[in-house]
Amino acid sequence: MEPLTLDEIEALAKDRLPKHVYDFYASGSDSQNALARNRTAFSKLFIRPRVLRDVSDVNTSVSILGFQTSLPIGIAPSAMQKLAGGDGEVDVAKAAADMSLNLTLSSQSTTSLEDVIQVRNDVQKSSGAPPFWMQIYLHNDMEKSVPLIKRAEAAGYQALVLTVDTPVLGNRLSERKTAVVLPSGVTLPNIKQAASTRKPQPSINRQLMNVRSAAEAKALRDAHGSSMHSSSLSWERTIKSLREATRMKVILKGIMTGEDAALAVQHGADAIIVSNHGGRQLDNVCSTIEALSDIVSVVGGAIPVIMDGGIRTGSDVFKALALGADFVLVGRPALWGLAYNGRDGVETVMNILERELSRTMALAGVANVNEICRDMLGVESRDGFGISKL
C-alpha cells in the first residue's frame, strides 16, 4: 500500500538508507532540542474553522517574487542528494518541474547546477516555468564565490539564497562519530576541489567541527580559511557585494529574530527565510514557527517572509501561512521521498502535502491561500481549558 503520510515515507526511507546516511540527514545538533521543537511547536496552535463558506473550488497556487507556483510550498536546499537515492537532484528537479513547484538547489549538490535547471527548462508549462533558486555559502574570500554566482545567473536561476547562519557548523554529533564522505564516482560539481589521490575526507568545514582545541581550530583556519564558510559576513558589506556580483534576487536564509529581519529590509534583501537550519546549528533556539510571528510583524509586508523547519503536514503549512508566512519550504521530506522511490517518491511527498493542505483549507472554510489569516488560529487558554484567539 502506498504511504499515506510523510511520517510513513520517512519510516520507509530509514529502512532503505545506510544508518550513517539517514543520521546525516535526520539529526540535529547537540541534544537535538531545536530539531524536536521545530515539530512539536506546531501542536500548540489550533485551527478555528469557519463554516457555511463556499469551498467547492480550493485554489492552492501562489505567486512568490513574481513567479507562479502551484503550492505555497517549495523544496528546500539539501546537500549531496545522490546519497539519498535515485538520480539525486535530477529526480527532485523533475518532480518540482512536473508539479510547477519552487526548488532551491544546494551549492553542495551532487549534480551540476546547469544539469538541474535544464530539467526545468525541458518541461514546458502553459503557466511558465516554476522558479528555481540557487543556495550558496560565501567563502571568507568572497572572490572565490563569485564564479559560482555567475554560473547560476547565466544558467537562469532567478534568486540567490544566501545561508547566513553558518559562521561555523553546529555540533552535529552523528557526523562527528561517523563522517559522511562521497562514494567513488560521486562529486560536488558546483564546488571547485583540488585533485587528490588521498582517501576521501569530510569537507574543511566539517573537519573544523571535529577539532579538539582552539589551537587546532586556528591551525585549520590558517591553512584553509579562504575556502571555509565565511565567519565575517556583515550587514554593511555582504548584500552590497552580492548586488555588485549579480542581478538575481537576494534571499537571506537563517533569520530568527525581528531585529535581523528589520536589518534585512533596511539593507535591501528581496526576501528572508525564517530558518534554524533544520535544528542543525544552534541547539538552544526556539522553533521557526515560534519565531515567525514577531518577524512577520517587523517586516510588515515589505518583503516576502518564507519559513522552513518541522513542516510535516498540510495543516502545518496552513498554520505557518496563518501566522503570516508568504511561503514555506520542506527539506527532509523531499529526501525521504527520494530514498523511498526516487522521482515518484518526491512527487508522492508533495502530493500528500497538497491534499492535506487542500483538505485543511476546505474544512477551515478557506477557498484561496490569501484568505488564510491569523484569526483562524488559537492557543490553549492560560488556565489550561479552552482556546484563546491569537
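Select I136 and L162 to begin, since in strand β7 the bridge partner of I136 is L162. The chain crosses from β6 through helix α6 (residues 146-155) to β7, and this β-α-β crossover is right-handed, a term which means that, with the strands pointing away from the viewer, the path from the first strand over the helix to the second runs clockwise. Helices (H or I, at least four residues) and strands (E, at least two) are DSSP runs, numbered from the N terminus.

This is a predicted model, in which local features need pLDDT of at least 70 and side-chain atom pairs count only at pLDDT 80 or more, while totals for chains, interfaces and linings use all residues. Residues are numbered from 1 along each chain as its sequence is written, and side-chain values use heavy atoms, with hydrogens and water left out.

**Strand β6 and its partners**

Now select residues 132-136, which form strand β6, and add residues 159-163 of β7, a strand that runs parallel to β6 and is joined to it by 4 bridges. Two strands are said to pair if DSSP finds at least two bridges between them. Strand β5 (residues 103-105) also pairs with β6 in the parallel sense, over 3 bridges, and there L103 has F132 as its bridge partner.

Why is β6 largely enclosed by the rest of the structure? The reason is that 5 of the 5 residues of β6 are buried, where buried means under 20% relative accessible area, exposed over 50% and partly exposed in between (1.4 Å probe, protein chains only). In a regular strand the side chains alternate between the two faces of the sheet. In β6, F132, M134 and I136 point one way, whereas W133 and Q135 point the other way.

**H277**

Next, select H277, which is found in the loop between β9 (271-274) and α12 (288-299). An unreviewed UniProt entry gives this residue the annotation "active site"; such annotations may be inferred rather than shown by experiment, and feature names are shortened, with positions in the numbering used here. H277 is buried, with a relative accessible area of 11%. Leaving aside neighbours within four places in sequence, H277 is in contact (heavy atoms within 4.5 Å) with residues including Y137, T163 and D165.

**Strands β12 and β13**

Finally, select residues 377-380, strand β12, which runs antiparallel to β1 (residues 45-47) and is joined to it by 3 bridges, with I47 opposite L377. Strand β13 (residues 387-389) pairs with β12 in the antiparallel sense, and V379 has S388 as its bridge partner.
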